[in-house]
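Please examine the sequence and the model below. The report that follows concerns the pocket, the fold and the nonpolar core.

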Amino acid sequence: MTTVVKVTKVYDEIIEFIAAGTTPQSVIDLKISAEAKERLDDLVYAHHAGELTPDEKKELDCFLTLEHIMRLAEARAYTYMKIE
């Protein structure tokens, strides 16, 4: 249950960002919160140490999926900026 809450918080950051309205530049500039970054760092450390629980593995996978989506969005935002 704790994992769901933590992942949901990161999803909520992305949802709030999108709902507030975006521009190509705001997509490029988006950074996750310090709290989310710290959690991600902890998960990556645990992964490298071989100490991830199954729930933490799911949480890390969600982070990585979100990161992939945002990198794709950032790349697309750069193409929109070149068009404008």
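How do the residues of the lining of the largest pocket divide into nonpolar, polar and charged? They divide into eleven nonpolar, no polar and five charged residues, where Ala, Val, Leu, Ile, Met, Phe, Trp, Tyr, Cys and Pro count as nonpolar, Asp, Glu, Lys and Arg as charged, and the others, Gly among them, as polar.

This is a predicted model, in which local features need pLDDT of at least 70 and side-chain atom pairs count only at pLDDT 80 or more, while totals for chains, interfaces and linings use all residues. Residues are numbered from 1 along each chain as its sequence is written, and side-chain values use heavy atoms, with hydrogens and water left out.

**Pocket**

The largest pocket holds about 440 Å³ of space. Its lining comprises 16 residues, and Leu30, Lys31, Ile32, Glu67 and Met70 are the closest to the centre. Two or more lining residues come from each of the helices tabulated here.

| Helix | Residues |
|---|---|
| H1 | 2-19 |
| H2 | 24-29 |
| H3 | 34-48 |
| H4 | 54-83 |

H4 gives the most to this lining, with seven residues. On a 1 Å grid over the protein atoms alone, a pocket is an open set of points where a 1.4 Å probe fits, with protein on both sides within 12 Å along at least five of seven lines; lining residues have an atom within 4 Å of a point. Grid points are joined across faces, edges and corners, and the volume is the space filled by probe spheres set on the points.

**Fold and surface**

The chain has four helices and zero strands, with helices (H or I, at least four residues) and strands (E, at least two) taken as DSSP runs numbered from the N terminus. Of its 84 residues, 23% are buried, meaning under 20% relative accessible area, with exposed over 50% and partly exposed in between (1.4 Å probe, protein chains only). Among contacts (heavy atoms within 4.5 Å) with a separation of 6 or more, 59% join residues 24 or more positions apart.

**Core**

The largest nonpolar core, a set of buried Ala, Val, Leu, Ile, Met, Phe, Trp, Tyr and Cys residues joined through side-chain atoms within 4.5 Å, has 13 residues, of which Val10 and Phe63 touch the most other members. H4 gives the most to this core, with five residues. Leaving out residues up to four places away in sequence, Phe63 touches Val10, Ala36, Arg39, Leu40 and Leu43.

Leu64 also lies in helix H4. Leu64 counts as partly exposed because its relative accessibility is 42%. The C-alpha atoms of Leu64 and Leu40 are separated by 9.3 Å.
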